[in-house]
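Reader: I would like a close look at one part of this model. Please set the scene briefly, then go into detail.

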Amino acid sequence: MTDPDVHTLTGPYVLDALPEDERAGFEAHLAECAFCTTEVAELREAAVKLATPVATPPPPALKANVLAALEHTRQLPPLVPGQSPTPVVQRRFSRRSVLALAAAALAVAGAGGVAIDQYREKTDAVQANERMAAVLTQPDARTVRGPVAGGGQATVVASAQADAAVVVLRNLPKLSGNRTWQLWMIDPSQTAHSVGLASGDEAQVLNGDVTGMVAFGLTVEPPGGSTKPTLPAAALIPMT
């Protein structure tokens, strides 16, 4: 494998998607190539950020409340050999049983909002990780990077074939005055297209507005972003 071919394997290597022979060759290449070593470290960091689910412990009283409710809830009778089990549809619940089940439901509902939010956040993280993998494993995926004014670095892995990109922002300076970072893709006519906002160090998957773009830009904007980039840009990285 030539060096340019090796460089395109960084994404699949991060995702453990390389055959053993290519993995061995790429790991040998990593020992000598500072560019690929840096890229692998950055993409691994992005993968961790996108794949890590957000977890919040349930309220301390949740378990005790549910167990207390279950103590007053009638259970199904034990099975006796030679005797058919009582069909569930034929059983009737007493008023006390219904109230006990309602109490258990209310105890769970007390953490329902948190549980639903956790599920959605975890699902979003998994989906984002899958989208990132789809970009990194594209045969035409290419990596560009550049410094950010005031400190930090922006890395972009883009695939024209997928019309998508992964953007990794690292070690950015803290913004004051409720300012925000805004991401842009610049087309051949030098028109900037907004592709998202960032509060600081993070990894984002961009879908669309990537194919045919000639540069990636990063600017500091008011809350909510701007329709046009505020100049000078904090970063302007050629994509070609």
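Reader: What does the accessible surface of the chain come to, and what percentage of it belongs to carbon and sulfur atoms? After that, take me through the open sheet, the cores and the surroundings of Gln 204.

Author: A caution at the outset: this is a predicted model. The accessible surface of the chain comes to about 14200 Å². Carbon and sulfur atoms account for 58% of that surface. The chain has 240 residues, and 35% of them are buried. It contains 7 helices and 8 strands. Take contacts between residues at least 6 apart in sequence: 59% of these join residues at least 24 apart.

Now the sheet. It is open and built from 4 strands, in the order 5-4-7-8. The pairing is antiparallel. Strand 5 (192–198) and strand 8 (235–238) stand at the edges. Each has a single partner strand, so one side of each is left without a neighbour in the sheet. From one strand to the next, the twist averages 20°. Strands of a sheet pair through backbone hydrogen bonds, in a parallel or an antiparallel sense. Here, strand 4 (residues 180–186) pairs with strand 5 over 6 bridges, antiparallel. One residue to find is Leu 183, whose bridge partner in strand 5 is Gly 196.

Leu 183 also matters for the next topic, the cores. The largest nonpolar core has 23 residues. Leu 183 is one of those that touch the most other members, along with Val 148, Val 156, Leu 169, Met 185, Phe 216 and Leu 218. At least two residues of this core come from each of strand 2 (153–159), strand 3 (164–170), strand 4, strand 5, strand 7 (215–221) and strand 8. Look at Val 156. Residues up to four places away in sequence aside, Val 156 touches Arg 142, Thr 143, Val 144, Ala 165, Val 166, Val 167, Met 185, Phe 216 and Met 239. Apart from the largest core lies another, of 11 residues. Its members include Leu 43, Met 132, Val 166 and Val 168.

Finally, Gln 204. This residue sits in strand 6 (residues 202–207). Its relative accessible area is 14%, under the 20% cut-off, so Gln 204 counts as buried. What surrounds its side chain? A polar atom of that side chain lies 2.6 Å from the backbone oxygen of Leu 197. The side chain also makes a polar contact of 2.7 Å with the side chain of Glu 202. Beyond four places in sequence, Gln 204 is in contact with Ala 165, Val 166, Val 167, Leu 183, Val 195, Leu 197 and Ala 198. Leu 183 thus returns: it is in contact with Gln 204, and it belongs to the largest nonpolar core.

Notes
Residues numbered from 1 in each chain as written. Predicted model: local features only at pLDDT ≥ 70, side-chain atom pairs only at ≥ 80, totals over all residues. Heavy atoms only, no water. Pairing = 2+ DSSP bridges. Axes fitted to C-alpha atoms, helices over the stretch in contact; angles between N-to-C directions. Buried < 20%, exposed > 50% of the residue type's maximum accessible area, 1.4 Å probe, protein only. Contact = heavy atoms within 4.5 Å. Areas by Shrake-Rupley, 256 points an atom, 1.4 Å probe, with all protein chains shown as cover. Core = buried A, V, L, I, M, F, W, Y, C linked by side-chain atoms within 4.5 Å. Polar contact = N/O pair within 3.5 Å; in protein donor to acceptor, adjacent residues only side chain to side chain.
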